[in-house]
Amino acid sequence: LIYTNLKVSLVHCKVNHYLLKPIRFPRFLKAINRIIDQSETSSTKNTNPTDYITVKDDYKQIKLKHNDIQYIQAYGNYLKIFTKEKMFMVSDTMKNCENTLPSDIFIRIHKSYLINKTKIEKIILNKIIIDLKELPIGNSYKRMIKELL
């Protein structure tokens with residue numbers, strides 16, 4: 001029962017507590033509770049939402065602010081991230097990108113397109129216009145977009 005809700009992260013491993021044999025249950029419980037308390041306080045410190053994503057461009061890491069991204073297009077095993085100035089090619093999945101970006105700013109309009117809601121210029125029938133580019137609205141996403149507007 002103790003182990004069911006315990007999550008262990010191997011990304012930042014450090015020794016939190018030592019238990020000496022023979023291990024007594026009250027001592028074990030105290031050590032587990034201390035680890036849980038430490039992980040809860042550290043997770044609340046790291047909940048600052050970022051307003052950018054990091055992409056690789058030529059051999060450099062670049063921070064792209066959410067507000068600068070106009071739309072994202074799936075391109076095989078890659079994503080094309082379009083800004084006003086430039087297009088970035090990123091090795092990622094659309095599903096992962098959709099889960100990473102904030103849903104109050106970005107919305108999926110097609111299996112291949114994720115857009116920044118603030119960049120919408122017009123909606124004409126089955127298309128959304130962003131920076132003079134016509135993006136298709138998928139049949140399964142039409143109802144959600146109507147509810148949005």
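This report describes the fold, the two sheets, the aromatic contacts and the backbone exceptions of the chain shown above.

The model is predicted: local features need pLDDT of at least 70, side-chain atom pairs count only at pLDDT 80 or more, and totals for chains, interfaces and linings use all residues. Residues are numbered from 1 along each chain as its sequence is written, and side-chain values use heavy atoms, with hydrogens and water left out.

**Overall build**

The chain holds 3 helices and 10 strands. Helices (H or I, at least four residues) and strands (E, at least two) are DSSP runs, numbered from the N terminus. Read from the N terminus, the order of elements is α-β-β-β-β-β-α-β-β-β-β-β-α.

Of the 149 residues, 28% count as buried. Buried means under 20% relative accessible area, exposed over 50%, and partly exposed in between, with a 1.4 Å probe and protein chains only. The exposed area of the chain is about 11600 Å², and carbon and sulfur atoms supply 53% of it. Accessible areas come from the Shrake-Rupley method with a 1.4 Å probe; for residues, only the protein chains shown count as cover.

Among contacts in the chain with a separation of 6 or more, 34% are between residues 24 or more positions apart. A contact means heavy atoms within 4.5 Å.

**The sheet of 5 strands**

One open sheet has 5 strands in the order β5-β4-β3-β7-β6, with antiparallel pairing. Two strands pair if DSSP finds at least two bridges between them. Its edge strands are β5 (87–90) and β6 (106–110), each of which pairs on one side only. Neighbouring strands of this sheet are turned by 20° against each other on average, direction ignored. For such angles, axes are lines fitted to C-alpha atoms, for helices over the stretch in contact, and angles run from 0 to 180 degrees between N-to-C directions.

Within this sheet, β3 and β4 pair in the antiparallel sense over 6 bridges. Ile72 has Ile81 in β4 as its bridge partner. Strand β6 contains His110, which is buried with a relative accessible area of 19%. Leaving aside residues up to four places away in sequence, His110 touches Pro136, Ile137, Gly138 and Tyr141.

**The sheet of 3 strands**

A further open sheet is formed by 3 strands in the order β8-β9-β10, with antiparallel pairing. Here β8 (122–124) and β10 (133–136) are the edge strands, each pairing on one side only. The average turn between neighbouring strands is 30°, direction ignored. Strand β9 (residues 127–130) pairs with β10 over 4 bridges in the antiparallel sense, and Ile130 stands opposite Lys133 in β10.

**Aromatic contacts**

The chain has 3 aromatic pairs. Rings of Phe, Tyr and Trp (its six-membered ring) pair if their centres lie within 6.5 Å; planes under 30 degrees apart count as stacked, over 60 as edge-to-face and the rest as tilted. Two of these pairs are listed here.

| Pair | Centre to centre | Angle between planes | Class |
|---|---|---|---|
| Phe25 and Phe28 | 6.4 Å | 40° | tilted |
| Tyr71 and Phe82 | 4.5 Å | 20° | stacked |

Phe25 and Phe28 are 3 residues apart in helix α1 (residues 25–45), so about one helical turn separates them. Phe28 counts as buried because its relative accessibility is 16%.

Tyr71 lies in strand β3 (residues 69–75) and Phe82 in strand β4 (residues 78–83), so their pair ties together parts that are 11 residues apart in sequence. Tyr71 is buried at 5% relative accessibility, and Phe82 is buried at 18%. Ring pairs link Tyr71, Phe82 and Tyr113 into a cluster.

The charged end of Lys80 sits over the ring of Tyr75, 4.1 Å from its centre. This label requires NZ of Lys or CZ of Arg within 6 Å of the ring centre and within 35 degrees of the ring normal.

**Backbone exceptions**

Most residues other than glycine have a negative phi, and most peptide bonds are trans. Lys21 and Pro22 are joined by a cis peptide bond with omega of about -10°; Pro22 lies in the segment before α1.

Asp131, not a glycine, has a positive phi of about 50°. Asp131 is in the loop between β9 and β10 and is partly exposed at 29% relative accessibility. Leu132 lies in the loop between β9 and β10, has a positive phi near 65°, and counts as exposed at 77% relative accessibility.
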